[in-house]
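Biologist: Please take a close look at a single part of this model, the place where the two assigned domains meet. Then set that part against the cores and the charged pairs elsewhere in the chain.

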Amino acid sequence: MFNFRPGRMWRGAALAASLLALAGCSMFSSNDDRYEPAPLTEYAPGMSVRTIWSTSVGSGSGFGFVPVVVGDAVYAATPDGSVAKLELASGRVLWKADADTKLSAGVGSDGATTVVASPLGAVIAFDDTGKVKWKAQASSDVAIPPVVGYGAVVVRSGDYRIQAFNIENGERLWSLQRPGPALALRSNAQMIMAEGLVITGLPGGKLLAINVGSGNVQWEGTVATPRGASDLERLTDVVGAPRIAGNLLCAVAYQGRIVCFDVTQGGRPLWAKEFSSASGMALDNQFAYAPDQHGVVSAFALDSGTNVWKQAALKNRKLTSPAALGGAVAVGDFDGYVHFLSRSDGSLLARLSVGGGAIVSPLQTTPQGLLVQNGNGNLVLIGTN
């Protein structure tokens, strides 16, 4: 049960957002071998993995595209405007729709309403037959997936405005804007919904919990504080999705920290460690897992923040946000490989190519296996033995 104290509202107009393309450390000289991707190494296999199915949704990929599993179905979209519902167990396409525009983010779904967004801020909702239910307009471009639930569709736009629309007709319910930095990281970011709240990280290192019904900020936490003289040095964005495990709400920031807040204590930090990630984190009931900006994967004890292990074998391979599955934690890389590491010590257990070039969408744990959206716009379900 969340027990957040009300947060204070900030006033003032948002600064103009400028996206900075940072893929790992690509801003640095390519002649510097410190940033060369680590080669694939030999290892003693510790688990068996296989492709259960692979199905094309559309064409392309991007940071704003994340498949959503609801019950026995998976919903997904691609930049070419394709939106689809598939059967999770088999990959069979149940319906496929065309948004009639290029897309920049998707999907959000509750199983009855599925929502995508365009680079010009169009918000498009489909019913569960694949027909357009309504269209609405956000205040600017939308580059992170919408979230759907509690009677609302919530989007976050590039002008740092969070907006909610009525799930049935697209009528605007509320709008909340926060000041933002001059530069923002181009990376995967997600909002989540829990117990009537939408929880979102923001550029600048803040984490907000907002009442879905009213738009009132219930709590505000600091994941990281910008430091440095230049805009680039002060680039401190919350990346990936906020994660919940029991009474803990955790998040990680680029050039900042990895933090777990105790929601039973008014959202006070239980622990925080200096850390910089460009992709995000995952939790289980023991550990928090995150690759740093150089691709070194770490595990932190949930109760104390103690760094339990580090794995540097995937350094500079531009890793995705991780996902925990069985005895492993999995990450995707720039070359279309999914790597499985031991949750207990970080050792390499397995590797599987899903093709399609760079994987940028976060991996999703499902009851049927690990769901991957690859660089070609295919959904791939990986099973383990």
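Modeller: The domain interface comes first, then the salt bridges, then the cores.

The model is predicted: local features need pLDDT of at least 70, side-chain atom pairs count only at pLDDT 80 or more, and totals for chains, interfaces and linings use all residues. Residues are numbered from 1 along each chain as its sequence is written, and side-chain values use heavy atoms, with hydrogens and water left out.

Domain 1 covers 64-181 and domain 2 covers 189-276. These bounds come from an automatic or database domain assignment. Taken over C-alpha atoms, the two centres lie 22 Å apart. In contact terms (heavy atoms within 4.5 Å), 17 residues of domain 1 meet 23 residues of domain 2.

The size of an interface is often given as the accessible area lost when the parts come together. Here the buried area is about 1700 Å², with 73% of it on carbon and sulfur atoms. That value is the accessible area (1.4 Å probe) that two parts lose on being put together, summed over both. On the domain 1 side, Tyr150, Trp174 and Arg178 lose the most area, together 36% of what that side buries.

Polar links are also present. Six residue pairs between the domains are in polar contact, both residues at pLDDT 80 or more. A polar contact is a pair of N or O atoms within 3.5 Å; within protein, one must be able to donate a hydrogen and the other to accept it, and residues adjacent in sequence count only if both atoms are side-chain atoms. The interface also holds one salt bridge, where the term means a side-chain nitrogen of Lys or Arg within 4 Å of a carboxyl oxygen of Asp or Glu.

Arginine 178 bridges to glutamate 220, with the closest N and O atoms 2.8 Å apart. Which strands line the domain 1 side? β11 (147-149), β12 (152-156) and β14 each give two or more residues. The largest share, four residues, comes from β12. Strands are DSSP runs (E, at least two residues), as helices are (H or I, at least four), numbered from the N terminus.

Now the wider set of charged pairs. The salt-bridge count comes to nine. Arginine 317 pairs with aspartate 333 at 2.8 Å between the closest N and O atoms. Arginine 317 sits in the loop between β27 (307-311) and β28 (323-325), and aspartate 333 in the loop between β29 (328-332) and β30. Arginine 317 is buried at 4% relative accessible area, and aspartate 333 is buried at 0%. The cut-offs are under 20% for buried, over 50% for exposed and partly exposed in between (1.4 Å probe, protein chains only). Shared partners join Arg178, Lys206 and Glu220 into one salt-bridge network.

Lysine 133 and glutamate 168 form another salt bridge, at 3.5 Å. Lysine 133 is partly exposed at 28%, while glutamate 168 is exposed at 54%.

Last, the cores. A nonpolar core is a set of buried Ala, Val, Leu, Ile, Met, Phe, Trp, Tyr and Cys residues joined through side-chain atoms within 4.5 Å. The largest has 20 residues, and Cys250, Ile258 and Met281 are among those with the most contacts inside it. Its largest share, three residues, comes from β21. A second, separate core of 18 residues includes Met47, Ala323, Val338 and Leu349.
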